[in-house]
Amino acid sequence: MVENCNFDSIQTENKTMSDYFKTTPNEAGEFGEFGGSYIPEQLQKEMDAITDAYYSISKSHAFISELRSIRKHFQGRPTPVYFCQRLSELVGGRIYLKREDLNHTGAHKLNHCMGEALLAKHLGKKRLIAETGAGQHGVALATAAAYFGLECEIHMGEVDIAKEHPNVVRMKILGAEVVPVPHGLKTLKEAVDSAFEAYLKDPINTIYCIGSVVGPHPFPMMVREFQRVIGIEAREQFLEMTGELPDNVIACVGGGSNAMGIFSAFLKDSECALHAVEPAGLSYKPGEHACTMKFGTPGIIHGFKCKLLQDKDGAPAPIYSVASGLDYPGIGPEHCMLEAQGRVNYVDANDKESIDAFYTLSRLEGIIPALESAHAVAYGMKLAQEKPRESILINLSGRGDKDIDFIVDQYGLPEDETA
Ligand SMILES: *Cc1c(COP(=O)(O)O)cnc(C)c1O
């Protein structure tokens, strides 16, 4: 009898979760008052076709088993959950990491790129197209394209091309074509426009692949679904390791894909506090941070509605973070809904705290985190000091090899500071 009861309660819980994913977003792609689709009619037709394909193909047995096999044999999943003994001794609490840095290519982005590229293959598309800012999304997508034998075209502002040289080289080695975007500020926004324009010229053979839980419907939903693997694995692994659920789950937020990936498995576990960490940069002055949730107001960017750091004319405001993967003036619509519902706690960590965390994790645990992920670690260290009895699961979204030259150039090694 008792076993039956437990079984029933597990069933009920799973049903509540699957109800959430089935009904969120609604058919119009809305998460409460956020999300939706604000794009030209021609593009809307393409998005509708992708939505239909997503529902028919990605739920098929063939698709799911192929993606499962890719996750295991190509990406190296499941990635481990790791207990940070020495870090926990230093700051208190019990700190665990979900090691997305060990996912192939060194970050979580490949989770949705492989899903998007597999969908492209099933749709008979020949070419993947996207923009990239720091180059991380471009590298992940170029990897997926190489795996499936698809062409790959990555649009990138000329300023970013100069700044992110190693990633440009990586994309080219992987066989992608990098299209320089020479107008405007020559960064991400112009690259988005350029990629959309190129996409619209040949939507039959091409599919547009977005880099986070942002953009018009169905992307925020689709990218979340492909990233859910992080949370599904982590919840089970944490339960197996400790016999209970984590008291706290933490992730950094740029557009919000790694955070949605891990949070999604814990949304209905009211005992788990969820914390999303935005980049506070140099200060809270306009232009010196990218704390979209804290200072943003509802607006429209890249075809969807979200909280947005914007100027008085509704144009995206200048933003900054030491972690280039986090400096986005908008944020995924599901995050905006979860904030409005009070389910997720939106907090921040600044450059200095994140760089300290970068070195602390490297030296105490032998893990060099991406600067983006170091924001989550920084907040986790703060929380552990405040709540030493609680357990904390941090999503370590990526590894820091890409950041080492920059960090040492700009900030020096810790000994240099005391010398
Ligand atoms: C791109 C990136 C992020 C930010 O993107 P989200 O969509 O917010 O997850 C975080 N960490 C790493 C390592 C990244 O490459």
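**Exercise 1.** How many aromatic pairs does the structure hold? Classify the pair formed by Phe 63 and Phe 226, and place it in the fold.

*Solution.* The model is a predicted one.
- Step 1. The structure holds 13 aromatic pairs.
- Step 2. In the pair of Phe 63 and Phe 226, the ring centres are 6.3 Å apart and the planes make an angle of 25°. Planes under 30 degrees apart count as stacked, so this pair is stacked.
- Step 3. Phe 63 belongs to helix H3 (residues 61-73) and Phe 226 to helix H10 (residues 219-242), so the pair ties together parts that are 163 residues apart in sequence.
- Step 4. Phe 63 has a relative accessible area of 2% and is buried; Phe 226, at 5% relative accessibility, is also buried.
- Step 5. Phe 63 and Phe 226 form one aromatic cluster with Tyr 54 and Tyr 55.

**Exercise 2.** Is the pair of Phe 358 and Tyr 359 stacked or edge-to-face?

*Solution.*
- Step 1. The ring centres of Phe 358 and Tyr 359 lie 5.3 Å apart, with the planes at 85°, so the pair is edge-to-face.
- Step 2. Phe 358 counts as buried at 3% relative accessibility, and Tyr 359 counts as buried at 11%.

**Exercise 3.** Describe how helices H14 and H15 pack, and which residues meet.

*Solution.*
- Step 1. Two packed helices are described by the angle and the distance between their axes.
- Step 2. The axes of H14 (residues 351-365) and H15 (residues 371-386) come within 8 Å and cross at roughly 90°. The two helices are therefore roughly perpendicular to each other.
- Step 3. On the H14 side, the residues in contact are Glu 353, Ser 354, Ile 355, Ala 357, Phe 358, Thr 360 and Leu 361. On the H15 side they are Leu 371, Ala 374, His 375, Val 377, Ala 378, Met 381 and Lys 382.
- Step 4. By type, the residues of this contact divide into nine nonpolar, three polar and two charged.

**Exercise 4.** Which residues is Tyr 96 in contact with, leaving aside its neighbours within four places in sequence?

*Solution.*
- Step 1. Tyr 96 lies in strand S4 (residues 94-99) and is buried, at 8% relative accessibility.
- Step 2. With those neighbours left aside, Tyr 96 contacts Val 81, Tyr 82, Phe 83, Phe 238, Met 241, Thr 242, Ile 392, Leu 393 and Ile 394.
- Step 3. Tyr 82 is 14 residues from Tyr 96 along the chain, and their C-alpha atoms are separated by 5.4 Å.

**Exercise 5.** Where does the charged end of Arg 228 sit?

*Solution.* The charged end of Arg 228 sits over the ring of Phe 21, 3.5 Å from the ring centre.

Technical notes
Residues numbered from 1 in each chain as written. Predicted model: local features only at pLDDT ≥ 70, side-chain atom pairs only at ≥ 80, totals over all residues. Heavy atoms only, no water. Phe/Tyr/Trp six-rings, centres within 6.5 Å; stacked < 30°, edge-to-face > 60°. Helix = DSSP H or I, 4+ residues; strand = E, 2+ residues; numbered from the N terminus. Buried < 20%, exposed > 50% of the residue type's maximum accessible area, 1.4 Å probe, protein only. Lys NZ or Arg CZ within 6 Å of the ring centre and 35° of its normal. Axes fitted to C-alpha atoms, helices over the stretch in contact; angles between N-to-C directions. Parallel < 35°, antiparallel > 145°, perpendicular 65-115°, else oblique. Contact = heavy atoms within 4.5 Å. Nonpolar A, V, L, I, M, F, W, Y, C, P; charged D, E, K, R; others polar.
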